[in-house]
Amino acid sequence: MVDHPAYPVGLRLSGRRVVVIGGGQVAQRRLPALIAAGADITLVSPSATASVEAMVTAGEIRWERRRYAEGDLAETWYVLIATTDPEANARASAEAERARVWCVRSDDADAATAWTPATGRSEGVTVAVLTAGPQGRDPRRSAAVRDAIVEGLHNGTIAAPHHRTRTPGVALVGGGPGDPDLITVRGRRLLAEADVVIADRLGPRDLLAELPPHVEVIDAAKIPYGRFMAQEAINAALIEHARAGRAVVRLKGGDPYVFGRGMEELEALAEAGIPCTVVPGISSSISVPGAAGIPVTHRGVAHEFTVVSGHVAPEDERSLVDWDALARLRGTLVVLMGVDKIGAIARALVAGGRAPHTPVALIQEGTTASQRRVDATLATVAETVVAEDVRPPAVIVIGEVVEVGARAAAARPTADPVTRCPGRTR
Ligand SMILES: C[S@@+](CC[C@H](N)C(=O)[O-])C[C@H]1O[C@@H](n2cnc3c(N)ncnc32)[C@H](O)[C@@H]1O
């Protein structure tokens, strides 16, 4: 038979019977897309991986816990054959051929009547790549081409300007802790579509350099305040640019709703009748400790973590924090905006009953090239901060988990985030 190229097509499987034979790794990889397509899926297999079983438990697929039997493909539109038994695969494949059911085979692509392309999605576009031809199939190349296209659509280097539906109004985008790779895919896409970006001092500032020249970048820290308070001036700028019909991104550090004043901006926009979409971000409260090798929870060590703002000292009457209650907790305390007040915070915790030798880590400029970790205890942290010249932005972690990461680093000396911190001191 002449080796013609495959004919690409999009199958609309919603509500249609699809049979998957074999419940191993191949099924585990393929099933999510079939579920997302709304297919009516029956798995035929004596066993299944834990993830496939979870899909059964969730009611996403039906499971017939047995081997393939002749007749399984009756009334079927599409079959994926992926068992480790070549003889069963061949029998199922023969039934598919007789019944005119498109058949994908994991063990023998040449014997299959259909091939699964490398697929990805971006902005409502499904990208499906097949490499086939005189050189034969090349799934790795398909995946690489798919990745390049999806990445290009995500970050705007492949533009589809004529048909792109831009998000109207303002997008409050959580940019993550600083490493440009730690923004969400949605955040990055919205950034690529923006006409105006109003950015905070914290967050992935490197991404701003990548924006095309026509994009107006406004440094929120430098907005002239005039008779306004800072936040009011930012709200006013958001409203003004959105009213002028521009796509506005308010790029914030971490997550917009974790000490980020995101809700204030949302309310101001709602009052002005401007649509606003909020994109969550990776908060520094978890990711910065993680980047320094500290898990905020660890089995047998901490069953809770509490994130608290340290921008108001414990004795200050404006403080809304119950420091005595926090002192009685045994888990992890993560303090943001607390460098200036850490001495008073440590004193309050010790006075409330937390042991003076409780470990403390301060991680400055986490996830960036300047990341630095300094370790202390509640008894020594006030002095250490001064001696080591720790400066904001820093996340302060208090609790036994601080030592957990150090133990792991000692046991595994390479490729550990802690050992990658350039200026780490202990
Ligand atoms: C106004 S809060 C904003 C928090 C942000 N919305 C979040 O979810 O991460 C600013 C504080 O977050 C912490 N922070 C943010 N990014 C950081 C980073 N890359 N390294 C260390 N601390 C950071 C510092 O405690 C800083 O003072």
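These are my notebook entries on what I looked up in this predicted model.

**Entry 1: the sheet with β1**

I began with the strands near the start of the chain. Five of them make an open sheet, and reading across I get β3-β2-β1-β4-β5, with parallel pairing. I wanted to know which strands sit at the edges. They are β3 (62–64) and β5 (102–105), and each of them pairs on one side only. Then I looked at the twist: neighbouring strands here are turned by 20 degrees against each other on average, if I ignore direction.

A reminder to myself from class: strands of a sheet pair through backbone hydrogen bonds, and they can do this parallel or antiparallel.

Next I zoomed in on one pair. β1 covers residues 17–21 and β4 covers residues 78–81, and four bridges hold this parallel pairing. I picked V18 and asked which residue of β4 is its bridge partner. I found Y78 there.

**Entry 2: helices on that sheet**

Which strands does helix α1 touch? I noted β1, β2 (40–44) and β4 for this helix, which spans residues 25–36 and packs on the sheet. The direction of α1 makes about 160 degrees with that of β2.

Helix α3 (residues 86–99) was my next stop. I see α3 lying across β1, β4 and β5, and it runs at about 165 degrees to β4.

**Entry 3: α1 against α2**

For two packed helices, I need the angle between their axes and the distance between the axes. I looked up both for α1 and helix α2 (residues 50–57): the axes come within 9 Å and cross at roughly 30 degrees. Angles under 35 degrees count as roughly parallel, so I wrote down α1 as roughly parallel to α2. The crossing of α1 past α2 is left-handed.

Who meets whom? From α1 I listed A27, Q28, L31 and I35, and from α2 I listed S51, V52 and M55. I sorted this contact by class and got five nonpolar residues, two polar and no charged ones.

**Entry 4: an odd phi**

I then went to E75, which is in the loop between β3 and β4. Its phi is near 60 degrees, so a positive value, and E75 is not a glycine. I flagged this because most residues other than glycine have a negative phi.

**Entry 5: the sheet with β8**

Further along the chain I found an open sheet of five strands, in the order β10-β9-β11-β8-β12, with parallel pairing. Why is one side of β10 (216–219) and of β12 (276–279) left without a neighbour in the sheet? These two stand at the edges and each has a single partner strand, so that side stays free of a neighbour. From one strand to the next, the twist averages 20 degrees.

I checked one pair here too. β8 (residues 170–174) and β11 (residues 248–252) run parallel and are joined by five bridges. Within this pair, L172 has R250 of β11 opposite. Helix α5 (residues 185–193) packs on this sheet and touches β8, β9 (196–199), β11 and β12. I noted about 135 degrees between the direction of α5 and that of β8.

**Entry 6: α6 against α7**

I went back to helix pairs. α6 has residues 230–243 and α7 has residues 262–271; their axes come within 10 Å and cross at roughly 45 degrees. I therefore call α6 and α7 oblique to each other. The crossing of α6 past α7 is right-handed.

On the α6 side, the contact uses Q231, N235, L238 and I239, and on the α7 side E264, E265, A268 and L269. By class I wrote four nonpolar, two polar and two charged residues for this contact.

**Entry 7: around the ligand**

How many residues are around the ligand? I have 23, and the ones that come nearest are G254, V258, S283, S284 and G366. Then I asked which element gives the largest share of this shell. That is α8, with three residues. Both α8 (284–291) and β17 (394–398) supply at least two residues each. By class, the shell divides into twelve nonpolar, nine polar and two charged residues.

**Entry 8: a cis bond**

My last stop was the loop between α11 (381–387) and β17, where P393 is found. Is the peptide bond from P392 to P393 cis or trans? I noted cis, with omega near 0 degrees. I marked this bond because most peptide bonds are trans.

Conventions:
Residues are numbered from 1 along each chain as its sequence is written. This is a predicted model: local features need pLDDT of at least 70, side-chain atom pairs count only at pLDDT 80 or more; totals for chains, interfaces and linings use all residues. Two strands pair if DSSP finds at least two bridges between them. Axes are lines fitted to C-alpha atoms, for helices over the stretch in contact, and angles run from 0 to 180 degrees between N-to-C directions. Two residues are in contact if their C-beta atoms, placed from the backbone, lie within 7 Å. Angles under 35 degrees count as roughly parallel, over 145 as roughly antiparallel, 65 to 115 as roughly perpendicular and the rest as oblique. A crossing is left-handed if the near helix is turned anticlockwise from the far one by less than a right angle, and right-handed if clockwise. Ala, Val, Leu, Ile, Met, Phe, Trp, Tyr, Cys and Pro count as nonpolar, Asp, Glu, Lys and Arg as charged, and the others, Gly among them, as polar. A residue is near a molecule or strand if its C-beta atom, placed from the backbone, lies within 6 Å of it.
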